[in-house]
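Reader: I'd like a close look at the pockets in this one, please. Could you walk me through what lines them?

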Amino acid sequence: MSTLSYDATGAARKALEQHLPALVEDRVATRIFAKDHTLWGPDAEAESAIRLGWVEAATVSRSLVDGILELRDALKAEGVTRIVLCGMGGSSLAPEVIAGTAGVELTVLDSTDPEQVGAALAERLEETAIVVSSKSGSTLETDSQRRIFEHAFTEAGLDAKSRIIVVTDPGSPLDKASRDAGYRAVFNADPNVGGRYSALTAFGLVPSGLAGVDIAALLDEAEEAAEILNEDAPENIGLVLGATLGGTNPLRNKVVIAEDGSGIVGFADWAEQLIAESTGKLGTGILPVVAGPDAPEVTSGAEDVLVVRLVNPDADVELGENEVAIAGGLASQMMVWEFATAVAGRLLGINPFDQPDVEAAKVAARGLLDAQPEPTPAAFVDGAIEVRGGDWLGKASTAEGAVKALLDTLEADSYLSVQAYFDRLAYAPLEGVRDDLAAVSGRPVTFGWGPRFLHSTGQFHKGGPAIGVFLQVTAASAQDLAIPERPFTFGELIAAQAAGDAQVLSEHGRPVLRLHLTDRAAGVAQLQEIVSSLAATAASATES
């Protein structure tokens, strides 16, 4: 196991002094590993009692390894060299990190965008098998992806049943339906593990193992980390990180997670879901902000921001004020952050295992799909961008003016959330607007691709403190794809998901600026130019 290490300054160090002695005295570490469901208060007991299986995931999951490797070898012998993961949130983020860090190919399809789905279908279909991952067994996005791949396999003359592998909880609707359908394999995950804590269960291991990751070594490292975490000692890095995340006073509720040489690919994206969905409720919580080591938030000195640097164990890191550095291997870090998030939940006084506000956007999207209402008319059109917003738009008549008006709604403790509902792979450079918007606004900025962020930061946006300001970007598609045996298309589904989420956010009284790109390439270029112009103007004003 690579060396776990931690260092902290400022408010983070004070949080340790304030909370670590009590965490040790209350035996929080050993009680977590003993699955003591009373740690988070009476209101959380029912949920906690069935959500602590993750503490022993490394041991319990060992029985899955042989079956996964045998299936991998069988698929390879049949010419299957490409694994596509159809999953959302906790079912997709962990495998993406595991495969990316190991340097193996895994296509993660966590979108309902017709162009992204179409691209996944078009690549080496004859060499492809899919892993359909859904804890509940009723995830709409995942079901739609399965349907179109099954249809595509059949149309191509391939045996669809032999190309579909399923991961789900025992007894779920997908579990029964998959066995009845005769799919290639069905792996059951531990039902006592919530989705965002499932990295080292079947949800993380099946797609990663089939793609070629050494999952036995991953579990070896996780077991060693569990031994370290199961100690009531001030050196316990999980207690230390948990006290840092949830114990600053006043609470620094924007935690900037900056990749700074850790060697773990995409870890901050996985941690983002874990923390936001676990803590963002009852009007409180911690907002993770995924950023680079030199992002504007890192140097802002804002009183509500804590910086956590993911570093290499061998690096000599010089920390600024109110910063944390943490190092360790992938499996070790996953165990540490799961444990620390549970500890932070105790300090915040919330249940870290439920997600009471995630369903709201799903219900709204379903309602829009059923009703098929006409789109809300645009306030105005500027080039390739249709603009929609609330009264706060004022007299704005350009897309740039609308973005300025949205930024004007930010308050001293606000954050800006950019949410792009289209192909995250083809248009990945759009994420570059995040740093510029953070520089212009002077506030933390998150960037999420829809609909996947709905299963991640979506809980914080609705259940956390009402301080978010939202920039939603949708895009017309040059193609649409029918979903077999469904009365709606992928294009209609993603449009309903975006509109439903905007509706729920607006009902929470939050400003939502909706920019619809009537032409993807032209609209993205126009938006990038707008943000670049705002950044240049802000920089010029600062210099003068």
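Author: Here's a tour of the two largest pockets, with a short stop at an aromatic cluster and a helix afterwards. Keep in mind that this is a predicted model.

Let's start with the largest pocket, which holds about 970 Å³ of space. Its lining is made up of 39 residues, and the closest to the centre are Pro375, Thr376, Ala495, Ala499 and Arg514. Which elements supply at least two residues each to that lining? They are helix H16 (358–371), strand E12 (385–388), strand E15 (468–475), helix H20 (490–507) and strand E16 (512–517). H20 gives the most, with 10 residues. Sort the lining by class and you get 19 nonpolar, 11 polar and nine charged residues.

On to the second largest pocket, at about 790 Å³. Here 34 residues do the lining, and Ser136, Thr139, Val358, Lys362 and His455 lie nearest the centre. You'll meet H16 and H20 again, since each of them supplies at least two lining residues here, as do strand E4 (128–134), helix H8 (140–155) and helix H13 (267–279). This time H16 gives the most, with seven residues. As for chemistry, this lining has 10 nonpolar, 15 polar and nine charged residues.

Now for the aromatics. The model has 13 aromatic pairs. Take Trp40 and Phe353: their ring centres are 5.0 Å apart and the planes sit at 85°, past the 60 degrees needed, so the pair counts as edge-to-face. The two partners are 313 residues apart, with Trp40 in the loop between helix H2 (28–33) and helix H3 (45–48), and Phe353 in the loop between helix H15 (330–348) and H16. So H16, which gives the most residues to the second pocket's lining, also bounds the loop that carries Phe353. Are these two rings buried or exposed? Trp40 is buried at 8% relative accessibility, and Phe353 is buried as well, at 3%. Both belong to one aromatic cluster, together with Trp54 and Tyr197.

Last stop: helix H18, residues 433–441. Its buried residues are Val433, Arg434, Leu437, Ala438 and Ser441. Looking down the axis of H18, they fall within an arc of 135°, so they line one face of the helix. That spacing makes sense because an α-helix has 3.6 residues a turn, so residues three or four places apart point the same way. Right after H18 comes Gly442, with a positive phi near 75°.

Methods: Residues are numbered from 1 along each chain as its sequence is written. This is a predicted model: local features need pLDDT of at least 70, side-chain atom pairs count only at pLDDT 80 or more; totals for chains, interfaces and linings use all residues. Side-chain values use heavy atoms; hydrogens and water are left out. On a 1 Å grid over the protein atoms alone, a cavity is a set of points where a 1.4 Å probe fits but cannot get out, and a pocket is an open set with protein on both sides within 12 Å along at least five of seven lines; lining residues have an atom within 4 Å of a point. Grid points are joined across faces, edges and corners, and a volume is the space filled by probe spheres set on the points. Helices (H or I, at least four residues) and strands (E, at least two) are DSSP runs, numbered from the N terminus. Ala, Val, Leu, Ile, Met, Phe, Trp, Tyr, Cys and Pro count as nonpolar, Asp, Glu, Lys and Arg as charged, and the others, Gly among them, as polar. Buried means under 20% relative accessible area, exposed over 50%, partly exposed in between (1.4 Å probe, protein chains only). The arc is that of the directions from the helix axis to the C-beta atoms. Rings of Phe, Tyr and Trp (its six-membered ring) pair if their centres lie within 6.5 Å; planes under 30 degrees apart count as stacked, over 60 as edge-to-face and the rest as tilted.
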